[in-house]
Amino acid sequence: MRFLYNLLTYLLLLPFAAFWVVRGLGNRIYFDRLGQRMGFGFPTIQRCVWIHAVSVGEVQAAAPLVRALTKRYPEKNILVTTVTPTGAARVAALFGDRVLHAYLPFEFPHAVRSFFEAVRPEAALIMETEIWPNLYRGCGIRKIPLILVSARISPRSVPGYRRLLPMIRETLSHGIIIAAQSETDAERFLALGANPERTCVMGNIKFDVEPMPELARQSAQQRGDLFGDRPVWIAASTHEGEEELVLEAHRALCARVPGLLLVLVPRHPQRFAAVRDLVVRSGFPCVARTEGRAADASTEVFLVDTMGEVPLFYAMSDVAFVAGSLVPIGGHNLLEPAAQGVPVVTGPHNFNAQDIADLFIARDACRVVKDQYELVEVIAALLNDPQEARRIGGNGARLLEDNRGALQRLLVLLEPLLR
């Protein structure tokens, strides 16, 4: 099966390269270090700790880990790899020159071999669950300890993995340590052939989001400067087809909540211009963050067309709708607004992190809506009942605090590997 898998990676190489070039024609950032994706141009790094975080969300989740490692092991290089350019931009924004960055190579054998010839990590940490047979095998044959951090397998992906069971079982046989999010995730890994002695339940590192005491002061000041004393709700990480639903809800909300302002944050930067056009076509007076000016009395939508400011705008809002959930994308990080004590609203599609969504529901730390009509009712109710909004926001903050600890457990696991 490995031969067939490698043959497939070579057959997909040309379409993959063409896809990336086409993306680059529309957005030049996709040409950034394109050779690394094909196995060329990696920096030569010895004795580093390698962390792979696919995109922005995983980079954000890895931030406490990266900072803890740089503090505990200042003599070691930290390499963070991403797949997306937006993830790379987030690495630069969070860490500057304190860490190194490279793009993860495509899965064909030559690129993986070139990566390991240049980068010789002492340990590899893969955020969440990215199963790459050649990359994992590369760690195994070079005796590089590999840890799957906050590892999880969604119920939807289990049938697909089972169809490739011999390949998955062989992939998980290379001494991989699986630090699963939950008992259920650990059981799914064991069913796919993971080593019971190297599988443990460690929790979700996303709960270890770093407290930012300066954010409260900064958000209070900027809210006054940008929004005045108007009521504000935020729809963050929206996707195509979802902005229309959010704007429809906002139109109904404006009739019920005088002076209401919507902070709209599209998930992908390449869609910023298209979303602004949609807002204008929909008849909403709009101000974009990049304009560098405040919303005036006529502004109804404030478009955040910058990267890395979602926590700030969560903290500046009265109610937070976490998008990617009104359309079947699978939802996004409910913990970010909860960390700011903001009441959380989400749609019905949270299968990317259903366990976290279920925990929020069980702790009465969020409201779940099935469509844009329920979204109107729930947002209006929370805006008109500040005491209830504070209660739900407080439940979310306590939920976050009660589930911390995965980072410390991970550092204990890493210590003997990095001595």
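This is a short chat about a predicted model, covering its sheet and two loop residues.

Student: Sheet first. What is the strand order, and how do the strands pair?

Tutor: The order is 3-2-1-4-5-6-7 in an open sheet of 7 strands, with parallel pairing.

Student: Which are the edge strands?

Tutor: Strand 3 (100–103) and strand 7 (199–201). Each pairs on one side only. From one strand to the next, the twist averages 20 degrees.

Student: How many bridges link strand 6 and strand 7?

Tutor: There are 3 bridges, in the parallel sense, and strand 6 covers residues 177–180. In one of them, Ala179 has Cys200 of strand 7 as its bridge partner.

Student: Which strands does helix 10 touch?

Tutor: Helix 10 (residues 183–191) packs on the sheet and touches strand 5 (146–151), strand 6 and strand 7. Its direction makes about 165 degrees with that of strand 7.

Student: New topic. Where is Ser55?

Tutor: Ser55 sits in the loop between strand 1 (45–52) and helix 4 (56–72).

Student: Buried or exposed?

Tutor: Ser55 is buried, because its relative accessible area of 16% falls under the 20% cut-off.

Student: What is Ser55 in contact with, leaving aside neighbours within four places in sequence?

Tutor: Thr84, Thr86 and Gly87.

Student: And where is Gly259?

Tutor: Gly259 lies in the loop between helix 12 (243–254) and strand 9 (261–266). Gly259 is partly exposed, at 41% relative accessibility.

Student: What does Gly259 contact beyond those within four places in sequence?

Tutor: Arg230 and Pro231. As for Glu300, 41 residues apart from Gly259 along the chain, the two C-alpha atoms are separated by 8.1 Å.

Key: Residues are numbered from 1 along each chain as its sequence is written. This is a predicted model: local features need pLDDT of at least 70, side-chain atom pairs count only at pLDDT 80 or more; totals for chains, interfaces and linings use all residues. Side-chain values use heavy atoms; hydrogens and water are left out. Helices (H or I, at least four residues) and strands (E, at least two) are DSSP runs, numbered from the N terminus. Buried means under 20% relative accessible area, exposed over 50%, partly exposed in between (1.4 Å probe, protein chains only). Contact means heavy atoms within 4.5 Å. Two strands pair if DSSP finds at least two bridges between them. Axes are lines fitted to C-alpha atoms, for helices over the stretch in contact, and angles run from 0 to 180 degrees between N-to-C directions.
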